[in-house]
Amino acid sequence: MNFSGKLKTLRKQHHLSQEELAEKIHVSRQAITKWESGNGIPDIGNIIAISVLFDESLDVLLKEEKSLLSKHQFLYESKTEYDLDTLKKIDVKIGAAHEVIIEETKDEKIQILLASNKIASLAQQVKVKIVENAKRMDILVKRSTDLSDANSMENLFVLLRIPVKFVADMEIYSKTENLKIRDITFEALEFSGKVSNCFFTNAGGHTELDTNSNLYAEIAHYKGKIDFNQLKAISKIKFAENSNYYLKNAGLGTRFLDSDKNILIRKREKKDPQIETDVIVELNGWKSEIQIL
């Protein structure tokens with residue numbers, strides 16, 4: 001079921017009229033009608049409001065939309081593969097993209113899949129360059145000067161399939177709307193740049209998010225640690241139901257908030273918890289906040 005059908009179903013399950021739903025998320029009734037008829041998708045702020053109202057994850061709401069999470073067939077694709085046979089540090093520079101997905105492959109090849117429905121000359125306008133030495137591999141996704149950042153941010157999708165046994169740690173730089181880390185357990189992953197939404201699904205390891213942009217994150221079935229390294233940012237996290245997590249406030253002037261935006265944790269803590277927990281979320285940086293939804 002696509003987003004329009006899911007929205008209509010959820011509204012009816014909660015016994016709301018279009019007018020009542022519009023009032024709850026502060027939009028017009030005409031907007032609800034437009035979304036339910038499939039003539040448009042709400043912006044990310046309204047999608048998050050719908051997600052929180054109905055306690056439904058963004059991944060579920062948008063699964064059948066324009067995303068590599070679904071079985072969606074893109075009109076244009078370009079694939080690069082490279083054999084690995086020894087442990088390496090991987091650096092990936094992507095630049096602007098609508099979505100970046102990282103997942104594990106059981107193959108011994110690292111795979112970079114580029115996809116789009118709008119960039120007809122994808123293979124000519126976006127190319128993958130790989131430079132390798134004994135201990136390191138650099139992957140550069142290079143765009144033609146004819147392809148704008150705005151076009152890439154809306155229409156370029158990048159899927160990285162990683163053979164974990166050959167990757168010591170990984171650094172990724174990108175400006176992206178969505179970062180999705182799924183079905184993979186790695187030793188260390190560091191993301192830097194800008195990202196609006198981050199999804200962790202059936203994943204594990206140590207992830208560092210070095211981004212000063214406001215960030216929405218969904219964490220489901222994650223085992224390990226996630227560091228939010230931010231300056232003057234306001235982020236939100238939604239955990240899967242019954243998640244066993246620990247919040248560690250390690251920054252300067254940083255704090256965690258509850259779902260009502262009240263201060264949950266202000267005290268600075270440098271030590272990891274002594275109790276067993278599935279995921280540790282650590283907030284570092286300066287004057288930043290994370291709200292737990």
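**Just after helix H2, His26 takes a positive phi of about 65 degrees.** Helices here are DSSP runs of H or I with at least four residues, strands are runs of E with at least two, and both are numbered from the N terminus. Bear in mind that this is a predicted model, where local features need pLDDT of at least 70, side-chain atom pairs count only at pLDDT 80 or more, and totals for chains, interfaces and linings use all residues. Residues are numbered from 1 along each chain as its sequence is written, and side-chain values use heavy atoms, with hydrogens and water left out. H2 itself covers residues 18-25, and its buried residues (under 20% relative accessible area, 1.4 Å probe, protein chains only; exposed is over 50%, partly exposed in between) are Gln18, Leu21, Ala22 and Ile25. Looking down the axis of H2, these buried residues fit within an arc of 100 degrees, so they line one face of the helix. The arc is taken over the directions from the helix axis to the C-beta atoms.

**Two loop residues, His15 and Lys261, also go for positive phi.** Most residues other than glycine have a negative phi. His15, in the loop between H1 and H2, has a phi near 55 degrees. With 70% relative accessibility, His15 counts as exposed. Lys261 has a phi of about 70 degrees, again without being a glycine, and sits in the loop between E11 and strand E12 (263-265). Lys261 is exposed too, at a relative accessible area of 57%.

**Glu36 and Arg11 hook two helices together with a salt bridge.** A salt bridge means a side-chain nitrogen of Lys or Arg within 4 Å of a carboxyl oxygen of Asp or Glu, and a search of the whole structure turns up 24 of them. In this one the N to O distance is 2.6 Å. Glu36 belongs to helix H3 (residues 29-36) and Arg11 to helix H1 (residues 3-13), so the bridge ties together parts that are 25 residues apart in sequence. Both ends are tucked away: Glu36 is buried at a relative accessible area of 11%, and Arg11 is buried at 9%.

**Lys165 and Glu108 meet in a salt bridge, 3.4 Å from N to O.** Lys165 comes from the loop between strand E6 (157-162) and E7, while Glu108 comes from the loop between E2 and strand E3 (109-116), so the pair ties together parts that are 57 residues apart in sequence. Lys165 is exposed, with a relative accessible area of 54%, whereas Glu108 is partly exposed, at 39%.

**More charged company: one buried pair and one network.** Lys225 forms a salt bridge with Asp227, and their closest N and O atoms are 4.0 Å apart. Lys225 and Asp227 are both buried. Elsewhere, salt bridges link Lys89, Asp91, Arg136, Asp138 and Glu171 in a network.

**Phe200 and Tyr222 pair up edge-to-face.** Rings of Phe, Tyr and Trp (its six-membered ring) count as a pair if their centres lie within 6.5 Å; planes under 30 degrees apart are stacked, over 60 edge-to-face, and the rest tilted. By this rule there are two aromatic pairs. For Phe200 and Tyr222, the centres are 5.3 Å apart and the planes make an angle of 80 degrees. The pair links distant parts of the chain, with Phe200 in strand E7 (residues 167-210) and Tyr222 in strand E8 (residues 216-231), 22 residues apart. Phe200 is buried at 1% relative accessibility, and Tyr222 is buried as well, at 4%.

**Phe239 and Tyr245 are stacked.** Their centres are 3.7 Å apart, with 0 degrees between the planes. Phe239 counts as buried at 12% relative accessibility, but Tyr245 is partly exposed at 32%.

**Lys180 lies over the face of Phe199.** The distance to the ring centre is 5.3 Å. To qualify, NZ of Lys or CZ of Arg has to be within 6 Å of the ring centre and within 35 degrees of the ring normal.

**Lys93 is an exposed residue of strand E2.** The strand spans residues 88-104, and Lys93 has 53% relative accessibility. Between the C-alpha atoms of Lys93 and Met153 there are 15 Å, for a spacing of 60 residues along the chain.
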